[in-house]
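Welcome! Take a moment to look at the structure below, and then let us walk through it together.

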Amino acid sequence: MPLLLLSLDNTLVDRTGAFRAWGQSLLERLGAPAYDIDWLLDVDADGLTSRWDVAEAIRNRYGLRVPVIDLVEEVREGMIARMRFDPMIAAALRIADEAGWVPVVVTNGETRVQERVIRSTGLDRYIADWVISEEVDVRKPNPRIFQIAAERVRMPLRGAWMVGDGPETDIGGAAAVGIPSVWLHRGRSWTERRFAPTRIADGCIAAIAAVLDARRPAIPRPRARPPLTRTW
């Protein structure tokens, strides 16, 4: 039974879509121009910017007098409320499970936020367990977090695959522990030279299919018939 490690944000759930939807709602309430969503997405940097810095940037740009902590809470709650788990991804995970794979989420982030996303979207019903960086005090791409994931389900890392959208955190982490990986390109090109994904896919469903296909036993070719020998 091989281990299937999966990132959470922008792999199993659409974090960018949730942030965009929340941002558009905020801009409408503030009476700000709709095109400011591009600025907001740049500030967020796909979740790499801390919520505190995002909140501070919003507060300064629009001259808001609300405490930063209130904006931080609004960003957090607004995103969680808009997180969605695609039922087609659920079906792909079910197929992987039936094929003998053990899916485990490995994610960076705050424990209470990521656990709420996992549970509120229903993702918890399709995975064996999860590991969150804040909880274990180690972040991807540190090899230790992948080892912890394997320990959680009492399985070896040998034979595991990693699926994720982060070049450094997911693919670099997989390379560090010596396991194959699938990178979700999301319209980007691979530019890293230190390591590379085993496969590249345009979404989580295609990534899971690539993993299953890579581990599918080869169908033995029929033996060629020996040439007929004339006996006359």
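A good place to start is a pair of neighbouring strands: E2 pairs with strand E3 (residues 129-132) in the parallel sense, over four bridges. Two strands count as paired if DSSP finds at least two bridges between them, and the strands (E, at least two residues) and helices (H or I, at least four residues) are themselves DSSP runs, numbered from the N terminus. This is a predicted model, in which local features need pLDDT of at least 70 and side-chain atom pairs count only at pLDDT 80 or more, while totals for chains, interfaces and linings use all residues. Residues are numbered from 1 along each chain as its sequence is written, and side-chain values use heavy atoms, with hydrogens and water left out.

**The strands**

Within the pairing of E2 and E3, Val 104 stands opposite Asp 129. Together with helix H6 (residues 111-120), E2 and E3 make a right-handed β-α-β unit; right-handed here says that, with the strands pointing away from the viewer, the path from the first strand over the helix to the second runs clockwise.

Is strand E2 enclosed or open? Six of the six residues of E2 (residues 102-107) are buried, so this strand is largely enclosed by the rest of the structure. Buried means under 20% relative accessible area, exposed means over 50%, and partly exposed lies in between (1.4 Å probe, protein chains only). Val 102, Val 104 and Val 106 point one way from E2, while Pro 103, Val 105 and Thr 107 point the other way. In a regular strand the side chains alternate between the two faces of the sheet.

Strand E1 shows a matching arrangement of its own: Leu 3 and Leu 5 point one way, Leu 4 and Leu 6 the other, and all are buried. Here are the parallel partners of E1.

| Partner of E1 (residues 3-6) | Bridges | One facing pair |
|---|---|---|
| E2 | four | Leu 5 and Val 104 |
| E4 (residues 161-164) | three | Leu 5 and Met 162 |

**The cores**Nonpolar side chains tend to be buried together in soluble globular proteins. A nonpolar core is a set of buried Ala, Val, Leu, Ile, Met, Phe, Trp, Tyr and Cys residues joined through side-chain atoms within 4.5 Å. The largest one has 46 residues, and Leu 12, Leu 93 and Leu 123 have the most contacts inside it. Apart from it lies another core of 19 residues, including Leu 3 and Val 104. Contact means heavy atoms within 4.5 Å. Leaving aside neighbours within four places in sequence, Leu 123 is in contact with Leu 8, Leu 12, Phe 85, Leu 93, Val 105 and Ile 118.

**Two helix residues**

Asp 44 sits in helix H2 (residues 36-44) and is buried, with a relative accessible area of 4%. Not counting residues up to four places away in sequence, Asp 44 touches Arg 15, Phe 19, Thr 49 and Val 54. Ala 21, in helix H1 (residues 15-30), is partly exposed, with a relative accessible area of 30%.

**The largest pocket**

The largest pocket has a volume of about 820 Å³. Among its 34 lining residues, the closest to its centre are Asp 9, Asp 46, Gly 47, Leu 48 and Asn 108. Helix H9 (167-177) is one of the helices that each supply at least two lining residues, and the largest share, four residues, comes from H9. On a 1 Å grid over the protein atoms alone, a pocket is an open set of points where a 1.4 Å probe fits, with protein on both sides within 12 Å along at least five of seven lines, and lining residues have an atom within 4 Å of a point. Grid points are joined across faces, edges and corners, and the volume is the space filled by probe spheres set on the points.
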